[in-house]
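Me: I am new to this structure and should like to learn how to read its features. Could you guide me through them in order?

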Amino acid sequence: MLKSINDLNRHTQPIQTALNAAMERVFQSGRFVLGQEVKAFEEEFAGYCGVSHCVSLANGTDALELALRALGIGHGKTVLTVANAGMYGTVAILATGALPVYADILPGTLLVDIADLRRILDRQTVDAVIVTHLYGLLADVPEIVRLAHARKIPVVEDCAQAHGAMLRGQKAGSFGDIGCFSFYPTKNLGALGDGGAVVTSRADLAERVRRLRQYGWSGKYHADLAGGCNSRLDEIQAAVLRVMLPLLDGWNGRRREIAVRYTEKIAHPAIVTPAIHAEEYVAHLYVIRAARRDSLKQYLAEAGIPSDIHYPVPDYMQASCRHLFEGADKPATSRACAEVLTLPCFPEMSDNEADMVIDRINSW
Ligand SMILES: *Cc1c(COP(=O)(O)O)cnc(C)c1O
């Protein structure tokens, strides 16, 4: 029985003993913020991503915001990104005082349309680019970095849906100037609560984020850097993530298997399935497209099959900020928001469960 598009009980139950032991270790240590577990997790996660530094934070949205602040983004600056990624990038950009400018997406992958990105870079001043690796699929980040760096524009990777995704053996987060992760519980690497991090091989950026996450302090009670806040990963979550990190590649492999099964077996003239990808894809969300998406969602729900929509509203149409983007329309983005539907996909899902979803879809 599928209770949601993922099932965190089934995810954490097999490792409950190890999680309990990790949390017990924190209780015993008597240190709950910025202690040994955080330090060890930062080293382990930097190593996993193939970069020199990791700075852990309270969540992924803070990771984006502090990455931008560390790059000097603030009032009067412009950040190029996409509008189909649930507002996370937009919220972070607006929080710094900067303004987003949106590139359209490609209908095939729903990732940034590099031709549109290049048109914008040629036409207006852009101070940073956020590349979003949506649904677990890497964007063509080497090409984006090449285009941006040729214009001296820094690149932030939003890897909150792409922990462990690779291109020719190189990990998400290690291509741009700085990579941002969320450890929200449903992410590919998810804590038992909120969490986030930046990874980078630039010592200057790591140092700035390290200060920004703690009031802008250079040392205790000396706030040298403006724009600081309180955004720390706590020891318990770091200890939990240390138990999970060695399991991530196995989990990603199983997610990919389910995605492959879906794409091979879903056959319906009114439904488009995502292409099958290899190591550059960690199947965070399995997203199909249908012009009559809402009716399909209803049809699945009638058979007890959960689904979700990531994401229903383009950022430039959101009530909180659409006044900032009068007349903005990115046609492929708007159309995708009306057509995308997310199917259940998580590492503990069985083949039988996937087949049940597939059979129901094919009979629509
Ligand atoms: C989840 C997510 C974030 C934000 O992470 P939080 O920890 O929830 O703040 C940012 N970007 C993308 C693409 C995400 O999926």
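Reply: Let us start with a term for the ligand site: a polar contact is a pair of N or O atoms within 3.5 Å. In this predicted model, an N or O atom in the side chain of S182 is 2.7 Å from an oxygen atom of the ligand.

Me: Which other side chains have a polar atom at a stated distance from an oxygen atom of the ligand?

Reply: T61 places a polar side-chain atom 2.5 Å from a ligand oxygen. For Q161, the separation between a polar side-chain atom and an oxygen atom of the ligand is 2.8 Å.

Me: Which residues are found around the ligand?

Reply: The surroundings of the ligand consist of N59, G60, T61, Y88, D158, A160, Q161, S182, K187, G195 and Y311. Y311 also has a backbone feature to note, since the peptide bond leading to it from H310 is cis, with omega near 10°. Y311 is placed in the loop between helix 11 (293-302) and helix 12 (331-339).

Me: What is the phi angle of M87, and where does M87 lie?

Reply: M87 is not a glycine, yet its phi is positive, at about 80°. This residue belongs to the loop that runs between strand 2 (78-81) and helix 5.

Me: Into which domains is the protein divided?

Reply: Domain 1 covers residues 8-246, and domain 2 covers 247-362. Taken over C-alpha atoms, their centres are 23 Å apart.

Me: How many residues of each domain are in contact with the other, and what area is buried between them?

Reply: Contact joins 45 residues of domain 1 to 38 residues of domain 2. About 3500 Å² is buried between the two domains, and carbon and sulfur atoms give 58% of that area. On the domain 1 side, the residues that lose the most area to domain 2 are R10, Y135 and N188, which together account for 21% of what that side buries.

Me: How many polar contacts and salt bridges link the domains?

Reply: Between domain 1 and domain 2, 30 residue pairs are in polar contact. The side of domain 1 that touches domain 2 is made up of 29 nonpolar, eleven polar and five charged residues. As a general idea, side chains of opposite charge can pair when their charged atoms come close. Two salt bridges are found across this interface. R10 pairs with E353 in a salt bridge whose closest N and O atoms are 2.8 Å apart.

Me: How many salt bridges are there in the whole structure, and what does the one between R25 and E37 tie together?

Reply: The whole structure holds 27 salt bridges. In the salt bridge between R25 and E37, the closest N and O atoms are 2.8 Å apart. R25 is part of helix 2 (residues 16-29) and E37 is part of helix 3 (residues 36-49), so this pair ties together parts twelve residues apart in sequence.

Methods
Residues are numbered from 1 along each chain as its sequence is written. This is a predicted model: local features need pLDDT of at least 70, side-chain atom pairs count only at pLDDT 80 or more; totals for chains, interfaces and linings use all residues. Side-chain values use heavy atoms; hydrogens and water are left out. Domain bounds come from an automatic or database domain assignment. Contact means heavy atoms within 4.5 Å. Buried area is the accessible area (1.4 Å probe) that two parts lose on being put together, summed over both. A salt bridge is a side-chain nitrogen of Lys or Arg within 4 Å of a carboxyl oxygen of Asp or Glu. A polar contact is a pair of N or O atoms within 3.5 Å; within protein, one must be able to donate a hydrogen and the other to accept it, and residues adjacent in sequence count only if both atoms are side-chain atoms. Ala, Val, Leu, Ile, Met, Phe, Trp, Tyr, Cys and Pro count as nonpolar, Asp, Glu, Lys and Arg as charged, and the others, Gly among them, as polar. A residue is near a molecule or strand if one of its heavy atoms lies within 4 Å of it. Helices (H or I, at least four residues) and strands (E, at least two) are DSSP runs, numbered from the N terminus.
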